[in-house]
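Subject: Structure handover and notes

Dear colleague,

I am passing on the structure below, and my notes on it follow directly after. Please read them alongside the sequence and the coordinates.

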Amino acid sequence: MSFYALRNIALAVLLAAFMATFWAIEPEAFGDPDNLRCLVTQNAELAVLAVGMTVVMLTAGIDLSVAGILTLAACVMGWAADRNWSGAATCGVGLAVGAACGLFNGLAVTLLSIPPIIATLATLFLFRGFSRVLTDDQALPVKNLYDVVPLFQALNRSEWSQIAVLGAILAAATAWLLTATYLRAACAVGGNEAVARYSGISVDRVKWAAYTLTGILCGAGAILYLSRSPSAKADVVQKLELSAIAAVLLGGTRVQGGEGSLVGTLLGVGLIAVLRNGLMILEKGEFLQMAVLGGIVIVSAAGNEPLMRWWARRGLKRP
Amino acid sequence: MRKLTWALLGAAALTAGAVALKTAAAADKKIRIALIVKYVGNEYFKSCEIGAKKAAEELGADLYFDGPAQQDAAKQLEFINACIIKKYDAICIAPVDPKNIKPAVERARAKGIKILTWDTDAPQSGRDLMVNQVDGVELGYHAMDTLARQVGGKGEFGIVIGSPTAENLNFWRKHIEIRAKEKYADMKHVYTAYSDEKRDKGIDVTKQMIDTYPNLVGIIAVDSVSLPAAAEAVRQKGKGGAIAVTGFSTPNDMRGYVKDGTVKTVILWSPVDLGELTVRLAHRLAQGGTVEDGLELKGWKGGKLKVQPTRDNKDATEVILGPPTDFTTENVDTYNF
């Protein structure tokens, strides 16, 4: 069994354990199917952003601007809704804005050779700044989104439809990643960039694609966000990038890149979702949620490298 | 394989511990009320909590008072959903964005949960009742009248407001502007600045407004964080006395600015009373009672309740706490909220 397969099983068991614990403390609340639905829809953007983040981190990069891209995309969508654009056109412009932002990040990292952490930190402020200028500090759309765009009214009324959209986005992203044999190239670039270049992989194109894909996923995240909240301001989804990075680290993807697991990331998202939901139902407040999240990320990140070394040694000992 | 075994054992231990915890807690049939604020860590809401706790104690009800760490509509909805799932008897919300709570309200009412709004309304959401601290029209007019009196009815003025979506703040702002147009033709509203109910941002945007409009004679700040921020900006710019500042905030937050003359009048109501009335009304509704004009609530010292249809939706009802109170150097020390 590979390291990641075992790690994912352990994560899944841990996830089940937390769910069982919370259920044992408050069976009525945690046994309510409504709660499970809420859990999924309230963390839909996180899941989508975390998938993009995984791919970027596999290339030994990082994208701190994901929350900024989502915000800008959502604000532009709000702007469009105020001008009575159709549901399809509004979603289209959101994805387009996401793609454009992702492209910009990719070019900054490849063409301008700016280290990803610096480039995306700068673009985080850039995208949030654009949002502030576009919205003029208002919440867009000014009109009620759920009255003006029938698509969003339908999404808002039905949590199942939101879950379906989330599933569709994840399926589309995974399908592309697997069929384009992109993941292997990304891991090669992250593992050893020089070797990847000498073996004929276009390193720049791989990196640029990672950031653009992430940007598109952020645009999709904006659609999911607007399904729950009818307007966007320049300061929404604060610090969501940190939760996305936390989910990726919990899932076992290495910060140095080269190795990781998409399934692990999704399990990481699940773990974060369950913990936050559990602490919310137990009325422990938002600050404790943040503290617990920080704690488990530290434990997970600290334990990952020793775990990998132990696993490797174990393999060597076999005759 | 061993790792898996340890994980399963750990899970079993956690579950056993949790079951023990749960059986230790007794189950009783008290009325459970939740008050969800716009965000926590705010002096005004902390004062509301004092009144709410007092009422809950007197009524023998369980109270859950919480909200998101920042003014975030999506996060606030998570709190509301959690309360619905926990089947609280009544949930009282001060919505960050009135447009997003409608599905939650419908889900709650389907479960027999009473939904109230308080402090700020969501008139189109189908909530059972709104507990309003003042008549919003009266408050807007009163703020404009106060400023006009201080500047002699002439000049340019600006507004600082905490949120573009909060229904209460924007309702008051609208009526400040209406009053200015109808009664004070020589006063011109030149700018609205947004503070996001954050002190630092409030100070910055007020300073920018003062720089952009050198003929500014007055500022009205529409929420409890924006007013001290605007006053601080005016004080830092050395414009105390040249620019009149008034608005809505608590005596505790404004005492320093009232005493040094930067702000002559602060307008508010008692947040402690608002919290108390909200819990009392929630308790009454949760027990199946109704609220009609002239109602005398047991234990409520405020007398007969004024109940009226809301301005923005004739089918929705609101209860008015009372008229606004002015705080000046004469009485600012007698209050502790």
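In strand E12 of chain B, Val319(B) is the bridge partner of Val307(B). The two strands concerned, E11(B) and E12(B) (residues 317–320), run antiparallel and are joined by four bridges; strands, like helices, are DSSP runs numbered from the N terminus, with at least two residues for a strand (E) and at least four for a helix (H or I), and two strands are taken to pair if DSSP finds at least two bridges between them.

Before going further, a word on conventions: this is a predicted model, in which local features need pLDDT of at least 70 and side-chain atom pairs count only at pLDDT 80 or more, while totals for chains, interfaces and linings use all residues. Residues are numbered from 1 along each chain as its sequence is written, chains are lettered from A and ligands numbered from 1 in the order in which they are written, and side-chain values use heavy atoms, with hydrogens and water left out.

**The sheets of chain B**

The pair E11 and E12 belongs to an open sheet of seven strands in chain B, ordered E2-E1-E3-E4-E5-E12-E11, with mixed pairing. E2 and E11 (306–309) of chain B stand at its edges, and because each has a single partner strand, one side of each is left without a neighbour in the sheet. From one strand to the next the twist averages 20°, where axes are lines fitted to C-alpha atoms (for helices over the stretch in contact) and angles run from 0 to 180 degrees between N-to-C directions. On its other side E12(B) pairs in the parallel sense with strand E5 (residues 129–132) of chain B, over three bridges, and there Asn132(B) stands opposite Ile320(B).

A further open sheet in chain B has six strands in the order E7-E6-E8-E9-E10-E13, and its pairing is mixed as well. Its edge strands are E7 and E13 (325–327) of chain B, each of which pairs on one side only. Neighbouring strands of this sheet are turned by 20° against each other on average, direction ignored. Within the sheet, E8 (residues 216–221) and E9 (residues 244–248) of chain B are parallel and share four bridges, and the partner of Gly218(B) in E9(B) is Ala244(B). Helix H5 (residues 136–151) of chain B packs on this sheet, touching E6, E7, E8, E9, E10 and E13 of chain B, and its direction makes about 165° with that of E9(B). Helix H6 (residues 167–183) of chain B also packs on the sheet, where it touches E6, E7, E8 and E9 of chain B, at about 170° to the direction of E6(B).

**The interface of chains A and B**

The contact (heavy atoms within 4.5 Å) takes 42 residues from chain B and 48 residues from chain A. About 3,900 Å² is buried between the two chains, and carbon and sulfur atoms give 55% of that area; buried area is the accessible area, with a 1.4 Å probe, that two parts lose on being put together, summed over both.

The count of salt bridges (a side-chain nitrogen of Lys or Arg within 4 Å of a carboxyl oxygen of Asp or Glu) is 41 over all chains, and 12 are found across the interface of chain B and chain A. One of these joins Glu106(B) to Arg157(A), at 3.4 Å from N to O. Another salt bridge is formed by the side chains of Lys198(B) and Asp235(A), at 3.9 Å from N to O. This pair crosses between chains, from the loop between E7 (187–194) and H7 (199–212) of chain B to the loop between H13 (203–228) and H14 (240–250) of chain A.

**Backbone points in chain A**

Two residues may deserve a look in the loop between H7 (116–135) and H8 (145–148) of chain A, namely Pro141(A) and Asp136(A). The peptide bond from Leu140(A) to Pro141(A) is cis, with omega near 0°, and Asp136(A), although not a glycine, has a positive phi of about 55°.

With best regards
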